[in-house]
Amino acid sequence: MKTVVVCFKITYDYDELSVNDWSGGDASGRPRTDFARRILGCFDEAALENGLLLKELLAETGEEINLTALTVNPGYSEHIIKRIAAVGYDRIITVSTEQDIDFCPESTARMIAEATGEAADGTIILTGAQCAPGNTGLVPYLLAEELKAGIVCDVTRFFMHKGKIMAEAETDTGYLAEPVREGNVYILNNTEKSFLRIPTLREKMKFKDFEPVRMSTNQKACDPGVSFRPAVTARQCVFPDEKALQKLLGSIRNGENMT
Amino acid sequence: MDLKEKTVNDLKKLIPEEYIIDSADALRASDPYMVRMYEKAYGYESPHSALCTVKVQTEEQIAAVLKYCNENDIHVIGRTGGSSSENQLLVVDDRTIYLDAGDMNKVIKINPENMVATVQCGINMEEFEAKVNELGYTTGHCPQSRPLASIGGLIATRSIGQFSTYYGGIEDLLCGLRAVMPDGEIIEIRPVPRRSAGPDLRHLFLGCEGAWGFITEATVKIFPYHPQDMWKGGYIVKDFQTGIRAIREIMAQGYRPAVVRLYDKADVDENYGSVKLKDTEAFMFFSAEGSKAVSDVTGAAIHEISMAHGAEYIGTAAVDHWFETRNNICKVIGSEVDYKRFRETGVYNSTIEICANWSDIGGIYEDAIRELPEVIPNLTFFGGHVSHSYMNGTNVYFVYSLKIDNPENATAEIMTFINALCDIVLRYASGTIVHHHGVGKVRVQRIKEELGSSFPLLAALKKTYDPKGIMNPGCLVPKED
């Protein structure tokens, strides 16, 4: 049985933050997210959908697979976990940590590697390209290093070709395709399908009492090596209207002093 | 010469050519985006399209165009902001033009002594509100569509705003209007505080949905604007029914909060996430407006009554967040991202608003939440909230998502859900299937059941004021009538 692990992160809907949310963050300099809706990181949502598509392709070849979704995220959301279960994931692993790992891609990668464990050798791993907050984009690469795995970046889709499942990747010179291999990490970016399918209420009801596999980790968050402190204690924020925005852009184009 | 060419040529004799849009691409670009949104996301063309759009600049031009259409059996769909949600603007035949008065967008007069403002029909509601705010007043009318909608359309669809429990619906705000009838006659209902000269003729146009007249100008109330004195409070109640009972008591005791909202857990989890609720809990919040003395008294009473119903007070931050983000939907609706989501997930999201007396509303809510997931297998989300309350009852705004099997036939699948909900609402003596979106070409299928023995009065209005049936056919009144 093949195992496909899709790594995902639950984040906040930053588009829904208000002016006060952006201005009213704590001393860390981050916006206030108390009232923001929890959502899947957009690249990770694409990875989750492509995980399902990969499972369907593998099923066509007669291969039995276990499709696992894995998250290292203090921002756990029961609502989202049940949705992932209802659309066809066989197993969901949540690794909890109380540590702030947003700017610690090494730690996140180690935690994922620890959770995937020895199975990693025969496992196909999918990740999104990046996710806020943090947005380092480094986790997939560091994860591949931890697992000593090959890596294929900018994967846009999986498809069947002459009985083989191929990964298509976008490059500066066009699209390249190669057979999907166990042990590789595939980074999904700019995918053809980018939204995770939505289960019906009936499908969701079957997972009313669903519980993920909960794991804890002994991995310590690393020192990111830099100190993220806001330059000012209170962020000034306005959402410009169209007219103000054009004026602002004009000023930038003209190189005017923006203070 | 075909009908399109003839109509456009004739209209060019009445209206300067630059105000007539007739190329297919330009028509498509000016297509009101709420119409057949799901089908559009898939690139399905509407089976019918307008012959042209006439962007009128004056009341006289409206009169001239309507007179021409009435004499030549050309159908007319009037529009201003284009934000309608019930397919009021959907073209249903091949002899229809859009009469677009979006350019008639001036404030004619603001009269602080009489506390009224007179505006042209095409003024954007957000801009109108900003203009009166600068002078220290508010229109008191803040529908979620405010960034997109114009006053003419809001009157024609009998709109309501988020602060309606204090200021009232558009019917409470409208003092008088001018309109053009299908034969080109211009009429005026003078704005007066009240009159006892027969039935209130304003109501012929409030909710007429363009079915027998084109509103060109409106005089509406304005109110002192005291945002600094607003009282706000957020509460968690043990369940939705407890919230309804608390709101009933607030209203029955005569208090008039501006915002009165009660969300069930599903709606909060799916659409807001602003408050973390357990099990059956519901989120309830209020604002009180007016002078400080009024808002303080109202706020204190709301708090006392809510706490007496076992509510947990959670402060104002969640309410502030709602205030700041409440109209964000207008930024994404009809966008390419929205369409891509439709195409990839196959899921259509929308709302339907119903209303009933206090004695019935809880039953309707419970029946709908229990029954609809059973009978509509493709329902992917279903929740609801209360948003407009009265002495005798309240509304529930049901929010739903449906997985569409056949995108080309999405409207029919959506109607299956709407009809199932209407069936539940109409079981109840005081249930009404439409609270503030208007009937359009969607719930028109149930209008006879909704109005019962009074339906012939509506049909007679259509026959009397639009005898040739040129005005928005199939909207509000079924075509055969």
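Me: Why is F240(B) called buried?

Reply: Look at its relative accessible area, which is 4%. Buried means under 20%, exposed over 50%, and partly exposed in between (1.4 Å probe, protein chains only). The value 4% is under 20%, so F240(B) is buried. Before we go on: this is a predicted model, where local features need pLDDT of at least 70, side-chain atom pairs count only at pLDDT 80 or more, and totals for chains, interfaces and linings use all residues. Residues are numbered from 1 along each chain as its sequence is written, chains are lettered from A and ligands numbered from 1 in the order written, and side-chain values use heavy atoms, with hydrogens and water left out.

Me: How many aromatic pairs does a search of the whole structure find?

Reply: There are 22 over all chains. Rings of Phe, Tyr and Trp (its six-membered ring) pair if their centres lie within 6.5 Å; planes under 30 degrees apart are stacked, over 60 edge-to-face, and the rest tilted.

Me: Why is the pair of F240(B) and Y365(B) called stacked?

Reply: The ring centres are 3.9 Å apart, and the planes meet at 20 degrees. That angle is under 30 degrees, so the pair is stacked.

Me: What does the pair of F240(B) and Y365(B) tie together?

Reply: F240(B) lies in helix 9 (residues 240–252) of chain B, and Y365(B) in helix 15 (residues 358–375) of chain B. So the pair ties together parts that are 125 residues apart in sequence. Helices (H or I, at least four residues) and strands (E, at least two) are DSSP runs, numbered from the N terminus. Y365(B) is buried too, at 7% relative accessible area.

Me: Why is the aromatic pair of F283(B) and F285(B) called tilted?

Reply: The centres are 5.0 Å apart, with 35 degrees between the planes. An angle of 35 degrees is neither under 30 nor over 60, so this pair is tilted. Both rings belong to buried residues: F283(B) has 2% relative accessibility, and F285(B) has 1%.

Me: Which residues form one aromatic cluster?

Reply: F240(B) and Y365(B) are members. The cluster also holds Y339(B), F342(B), Y348(B), F382(B), F398(B), Y400(B) and F417(B).

Me: How do you know that R157(A) lies over the face of F159(A)?

Reply: R157(A) is at 4.3 Å from the ring centre. A charge sits over a ring if NZ of Lys or CZ of Arg is within 6 Å of the ring centre and within 35 degrees of the ring normal. The distance of 4.3 Å is within 6 Å. In chain B, the charged end of R79(B) sits over the ring of Y98(B), 5.2 Å from its centre.

Me: What makes T216(B) count as buried?

Reply: Its relative accessibility is 2%, and the limit is under 20%, so T216(B) is buried. T216(B) lies in strand 10 (residues 214–221) of chain B.

Me: How do you know that a polar contact joins the side chains of T216(B) and E59(B)?

Reply: The distance is 2.7 Å. A polar contact is a pair of N or O atoms within 3.5 Å; within protein, one must be able to donate a hydrogen and the other to accept it, and residues adjacent in sequence count only if both atoms are side-chain atoms. The value 2.7 Å is within 3.5 Å, so the distance rule is met.

Me: With which side chain does S164(B) make a polar contact?

Reply: Its partner is the side chain of H388(B), at 2.8 Å. That distance also falls within 3.5 Å. S164(B) lies in helix 7 (residues 164–167) of chain B and is buried, at 5%.

Me: Why is N66(A) called buried?

Reply: Its relative accessible area is 18%, which is under 20%, so N66(A) is buried. N66(A) lies in strand 4 (residues 65–72) of chain A. Its side chain makes a polar contact with that of T68(A), at 2.6 Å.

Me: How many residues of chain A are in contact with chain B?

Reply: The count is 25 residues of chain A against 29 of chain B. Contact means heavy atoms within 4.5 Å.

Me: How many salt bridges are there between chain A and chain B?

Reply: The count is 0. A salt bridge needs a side-chain nitrogen of Lys or Arg within 4 Å of a carboxyl oxygen of Asp or Glu. Polar contacts do cross the interface: 12 residue pairs, both residues at pLDDT 80 or more.
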